[in-house]
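Student: I have a structure open and I'd like to learn how to read it. Can we go through it one feature at a time?

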Amino acid sequence: MPLKMMKTTLKTFVINVLLLCLCHVSTAAVVKSKEQQRWTYIVHMAKSEMPASFEHHLHWYDSSLKSVSDSAEMIYTYDNVIHGFSTRLTAKQAQLLESQPGILSVLPELKYELHTTRTPQFLGLDKNPALLPESSSESDVIIGVLDTGVWPESKSFDDTGLGPIPSSWKGDCESGTNFTASNCNRKLIGARYFSKGYEGTLGPIDTSKESRSPRDDDGHGTHTSTTAAGSVVNDANLFDYAKGTARGMATRARVAAYKVCWLGGCFSSDILAAMEKAIEDNVNVISMSLGGGMSDYYRDSVAIGAFSAMEKGIFVSCSAGNAGPSSYSLSNQAPWITTVGAGTIDRDFPAYVSLGNGKNFSGVSLYKGNSLPGKLLPFVYAGNASNATNGNLCMIGTLIPQKVAGKIVLCDRGVNSRVQKGSVAKDAGALGMVLANTAANGEELVADAHLLPATAVGEKNGDIIKSYLFADPNPTVTILFEGTKVGIEPSPVVAAFSSRGPNSITQEILKPDVIAPGVNILAGWSENVGPTGLSIDDRRVGFNIISGTSMSCPHVSGLAALVKAEHQDWSPAAIRSALMTTAYTAYKNGQKLLDVSTGKPATPFDYGSGHVDPISALDPGLVYDLTADDYLNFACALKYNAAQITSLAGRNFTCDASKTYSVTDLNYPSFSVVLTGTGSVGNGSTVPKYTRTVTNVGSPGTYKVSISSESPLVKIRVEPESLSFIANNEKKSYTVTFTTTGSLPSNSNSFARLEWTDGKHTVGSPIAFSWT
């Protein structure tokens, strides 16, 4: 071989070897990098198993952590919601830690997401002031709101007329970016922020984009807290829409804000730390409009924290989620949490689409700004004005300006936010937008404060409008804005976005519990962000109108505060029972509540026990009460082991091996009956009876039972058929037997209703049958 060729061959060989070595080193580096990557974990400790050699449990926690990592530090320590701490470890270190004695579990951190005022009138709170509790007792109730923080300058936090801060309050008003202790008052009595978990995962907070303090730069937290307990504000409105008096559900209750949600989400270690402080601070109600996955209760930080709060007498309400109308789409399904879905109210913001063929179609909008020219304008479908395959959705950068400039563009709903579609259309030169629902949203209409003249229409109207667009060679259109209209019927209807049952963790527990107003709700807002939440929206407002189960949850939180003020010795379960058994499932004309996603009657899997009725909830007659031990018996029925129960409850509890536990024994105010094809009840169980115990919280009397059912295949027998009470707080039990005479196909459902009445009170319970 010539020398030159030999040199070339040798050079090539060396290069290949080097490349192979580099590839090997690179791959090894990636593997090593992954092995060394740290994650946030929540460590549950069995406090009772602390070795005697430690004087304090914190020393034990620190020693346990140092045994697997010299450099790891505790982010938070917990002593109320759980016994344990949060820290950042590699996956291998977490595994080693979990294998140690006294460690119950090491759970990876989860990220939760937000489930993003006419309502007092709609709920009847303005018509019955004599029926509401005295202001002195209401002003002693403290609502803790875990959210994006608070905008303390909102008029809804005016403390005029409020007395001293309740002596029970043990909390604080923390200082930070753009926030000082002086921002709190006798209305907003506390404000804290929790960012260590968030910063541990995503790095330090950029204070040029959000405040490292309780201050709300998002608006969501101010909206939820003022919905629950905002003071009375006259002449509240959004661009003159919904003009009137704004007020929270419990106007004289106090608010404590716990900021746990940031631009990057809400992290479970921060949520647990906030719940820990809320319990220490002595709040009476915890309101959380957020949710995450669908984990078992002993692995769900919100469920674990809520259990501890419940055990200390704190009512916990959470949003059901915005994943409807799909079945099994609920968040926050634990039976000690009050899970709230969303319905509409009787107010709307009509904006009509007027086509060149003379036909008009109703839509909704909160647009306020320059008017459209007083003539019909050229009309174009976004899908025909884009080179992108998803051009119909008006995603950023997909519209061709030359095809939409000077026109009104029709965009399909989906994927990106509704208001962003309008921004995209405006940037491309469009003069207006029609936003059309697709099958995913059906006829649900949610109003938005768009940046250009725009209206949203339902799927049916959208399809007709598109037919005109495609058929007419020169389609034209304009939009007519009609302001605010009240007295809309039927109302309420179940919102399409509201998450639905059945309960994906324990189907025998019916969820959601109730629905409350959650569509187009006016409440306080942060003046650090525009009403659309878009960075380009430089408009600033004191009130905003938004929708979601995030809005329905604080309605129930505030109503729970009213019930708590009237009945200060009631447990969280008794308060929830009052809200559930007095909820309504039919309109005044007797017709059943409707589901906007189908246009047909809604079911208990959509609304739970029904739509809340606060005046009736103050005097429910009977309640279904529950203690912490009842819930632990429920955990035994779920076959939880000792470590899992301790993780959930923070204390030891032994299931009685000689006792037969059943999830159907939980004294819940509603019934979810799981039937097999052979007719047996409860996951193959042959026990046909459900036992319930009611407590008299009214005057002496006799209650008689009635059953209404749409299922001829299930016979329902209640024994006894009447219950007589001679004293307050007297308890009586009854059994319900479900006998099947046939079966429906698997995954079929049917429904019934059980009611006890003494002539004054009606105590209602929905019954849902599911065939598996």
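Tutor: Let's talk through rings, a cavity, some backbone features and a few single residues.

Tutor: Before we start, keep in mind that this is a predicted model.

Student: Fine. How many aromatic pairs does a search of the whole structure find?

Tutor: The search turns up 22 aromatic pairs. In general, a pair of aromatic rings is described by the distance of the centres and the angle of the planes. Take Trp-60 and Tyr-61: the ring centres are 6.1 Å apart and the planes meet at 45°, so this pair is tilted.

Student: Are Trp-60 and Tyr-61 buried or exposed?

Tutor: Trp-60 is buried, and Tyr-61 is buried too.

Student: Which rings are linked into a cluster by ring pairs?

Tutor: Look for Tyr-297, Phe-307, Trp-336, Tyr-631 and Phe-634, which ring pairs join into a cluster. Hang on to Trp-336 and Tyr-631, since we'll meet both again in the lining of a cavity.

Student: What about charges and rings? Which residue lies over the face of Trp-151?

Tutor: That's Arg-215, at 4.5 Å from the ring centre of Trp-151. You can find another case at Phe-725, where the charged end of Lys-732 sits over the ring, 5.5 Å from its centre.

Student: Now for the empty space. How do I think about a cavity?

Tutor: Rolling a probe the size of a water molecule over the atoms shows where empty space is left. Here, let's take the second largest cavity, which has a volume of about 50 Å³.

Student: Which residues line the second largest cavity?

Tutor: The lining is made of Met-310, Phe-315, Val-316, Trp-336, Ile-337, Thr-338, Pro-572, Ala-573, Arg-576 and Tyr-631. Two elements, β15 (315–319) and α14 (572–581), each give two or more residues to this lining. The largest share, three residues, comes from α14.

Student: How do the residues of that lining divide into nonpolar, polar and charged?

Tutor: Eight are nonpolar, one is polar and one is charged.

Student: On to the backbone. Which peptide bonds should I check for cis geometry?

Tutor: Try the bond from Gly-501 to Pro-502, which is cis with omega near 0°. The bond from Lys-511 to Pro-512 is also cis, again with omega near 0°. As for location, Pro-502 lies in the loop between β26 (493–494) and β27 (514–517), and Pro-512 lies in the loop between β26 and β27 as well.

Student: And what is phi of Asp-235 near?

Tutor: It's near 60°, a positive value in a residue other than glycine. Asp-235 belongs to strand β8 (residues 233–238) and has 48% relative accessibility, so it counts as partly exposed. Asn-729 also has a positive phi, near 70°, and it too is a residue other than glycine. You'll find Asn-729 in the loop between β37 (722–725) and β38, and its 48% relative accessibility makes it partly exposed.

Student: Let's finish with single residues. Why does Ser-750 count as buried?

Tutor: Ser-750 counts as buried because its relative accessibility is 5%, and buried means under 20%. This serine is in strand β39 (residues 749–757). Its side chain and that of Ser-711 are joined by a polar contact of 3.3 Å.

Student: What does the side chain of Ser-552 reach?

Tutor: The side chain of Ser-552 reaches the backbone oxygen of Gly-341, at 3.0 Å. Ser-552 is in helix α13 (residues 549–566), and with a relative accessible area of 0% it is buried.

Student: How far apart are Thr-739 and Arg-717 in sequence and in space?

Tutor: They are 22 residues apart in sequence and 8.3 Å apart in space, going C-alpha to C-alpha. Thr-739 has its place in strand β38 (residues 731–740) and is partly exposed, with a relative accessible area of 38%.

Student: Where is Asp-665 found?

Tutor: Asp-665 is in the loop between α18 (642–649) and β33 (671–675). Its relative accessible area is 44%, so Asp-665 is partly exposed. Asp-665 and Asn-633 are 32 residues apart in sequence, and their C-alpha atoms are 8.9 Å apart in space.

Key:
Residues numbered from 1 in each chain as written. Predicted model: local features only at pLDDT ≥ 70, side-chain atom pairs only at ≥ 80, totals over all residues. Heavy atoms only, no water. Phe/Tyr/Trp six-rings, centres within 6.5 Å; stacked < 30°, edge-to-face > 60°. Buried < 20%, exposed > 50% of the residue type's maximum accessible area, 1.4 Å probe, protein only. Lys NZ or Arg CZ within 6 Å of the ring centre and 35° of its normal. 1 Å grid on protein atoms, 1.4 Å probe; cavity = no way out; pocket = protein on both sides within 12 Å on 5 of 7 lines; lining within 4 Å. Points joined across faces, edges and corners; volume = space filled by probe spheres on them. Helix = DSSP H or I, 4+ residues; strand = E, 2+ residues; numbered from the N terminus. Nonpolar A, V, L, I, M, F, W, Y, C, P; charged D, E, K, R; others polar. Polar contact = N/O pair within 3.5 Å; in protein donor to acceptor, adjacent residues only side chain to side chain.
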